[in-house]
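Biologist: I am new to this one. Can we go through it, with reasons for each label?

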Amino acid sequence: MPGSISAKGLFKAFPTPKGPLPVIEDLSLDIADGEFVALIGPSGCGKSTFLDILAGFERPDRGSLAVDGQPIVGPSRKRILIPQQTSVFPWQSARRNLTFVQDGVTEEEKKRLSLDYVNLVGLEGFDQTYPHQLSGGMLKRLELARALIVKPDILLMDEPFGPLDALTRIRLHAELLQILSVERHTTLLVTHDVHEALYLADRIVVFTPRPARIQCIVDVPFQHPRALVGGDIVRLKARILVELGLSPDGSFDRSKRPASGG
Ligand SMILES: Nc1ncnc2c1ncn2[C@@H]1O[C@H](COP(=O)(O)OP(=O)(O)OP(=O)(O)O)[C@@H](O)[C@H]1O
Ligand SMILES: [Mg+2]
C-alpha cells in the first residue's frame, strides 16, 4: 500500500503585521507507509500548519516534501485531512455528505457504503439528519466516516477525538484500529492526549513550542490491543509528559508553555 512521507528541512512562516512569524523550522521526518504517527506539542506550536502542508493546503517556504517519492503540489484524494474545525457540508444530510465524496462506484453502491460508514461510526438512524441537528461529537464521527470512505493512502487527523465524550472516544479508538488493520492507511494524528497517542500510535513525535521542530521521537513498542497499564507504558507516558514540560506531580516548565498569539 502506498503512503510513505518524507519531509526534509521544512520551514514555514506566516506574514503578520509585525513581520514574518516562523511556525515550522528545520523539520525533517520520514514516515513509512501504513505507519501510525501521533504528533504532540504545545498549543500554537505549528501542528495544524504541518498537517495543512501535508494535505497540500499550505506550501512550505523552504524544504522538500514528498509522498511515495513524488513532491506534494496540492491537495489530493490520496491525502485526506480531518481538520480541527468542522468541515462537513451543512446543507447536506449525513448520508449525502458521504455519497458526495465517493467516486467511481454506482449510485446504489454509494448509498450502501454510506449507510455502512454511518453505522460504523455509531450514527445509526441519523443518515438523513443535517449537520446542525447533530451534536459536536456526532459531527466529528461524521467527519471520520467521510474521510475513511474515500480510502485515502494517508489519513491526516487534527484532534478528531477532542469533542467526543470518553466512552465514544474509547469505542472509536478501537474501531479506528480495526479499520486500519484492514485498510492500512498511513495515519498522522494530532492530539494533546498522551494517553490517546500511546494507545494508538506506532511512534509519537513531540514538537517544540513555536516554531515547531522535532524535540524527540518516541517508539511505542507494544502490540495492539494495548491495555495501557504496567510499568513500561507508565514510564513512557511520564517521559513524554516531561518532554512537554509537565511532570506527574502537576508542576510545569514555563519555558514550554503554549505559544502566545502572533
Ligand atoms: N494563516 C495564518 N496566518 C498567520 N498566522 C497563522 C496562520 N495559521 C496559523 N498561524 C499561526 O501559526 C501558529 C501555529 O498555528 P497552528 O494552528 O499550526 O498551531 P497548533 O499547534 O495546531 O495549535 P493548537 O494545538 O492550538 O491547535 C500560531 O501562532 C497561529 O497564530
Ligand atoms: Mg491545531
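Biologist: Which exposed residues does the face of α7 turned away from its buried side carry?

Modeller: This is a predicted model. In it, that face of α7 carries Val-234, Arg-235 and Val-242. Exposed means over 50% relative accessible area.

Biologist: What makes residues of α7 count as buried?

Modeller: Buried means under 20% relative accessible area. In α7, that label goes to Ile-233, Leu-236, Ile-240, Leu-241 and Glu-243. Seen down the helix axis, they fall within an arc of 160°, so they line one face.

Biologist: What do the buried residues of α7 pack against?

Modeller: They pack against α6 (194-200), β9 and β10.

Biologist: How do you know that the span of α7 agrees with its number of residues?

Modeller: Helix α7 covers residues 231-243, which is 13 residues. The expected span is 1.5 Å times one less than the number of residues. That should give 18 Å, and the end C-alpha atoms are 18 Å apart, so the two agree.

Biologist: Why are β6 and β10 said to stand at the edges of the sheet?

Modeller: The open sheet has six strands in the order β6-β7-β8-β3-β9-β10, with mixed pairing. β6 (79-82) and β10 (214-219) each have a single partner strand, so one side of each is left without a neighbour in the sheet.

Biologist: What makes β9 and β10 a pair?

Modeller: A pair needs at least two bridges. Strand β9 (residues 203-207) and β10 have five, in the antiparallel sense. In one of them, Val-206 is partnered by Cys-216 of β10. The two strands therefore meet the cut-off.

Methods: Residues are numbered from 1 along each chain as its sequence is written. Chains are lettered from A and ligands numbered from 1 in the order in which they are written. This is a predicted model: local features need pLDDT of at least 70, side-chain atom pairs count only at pLDDT 80 or more; totals for chains, interfaces and linings use all residues. Side-chain values use heavy atoms; hydrogens and water are left out. Helices (H or I, at least four residues) and strands (E, at least two) are DSSP runs, numbered from the N terminus. Buried means under 20% relative accessible area, exposed over 50%, partly exposed in between (1.4 Å probe, protein chains only). The arc is that of the directions from the helix axis to the C-beta atoms. Contact means heavy atoms within 4.5 Å.
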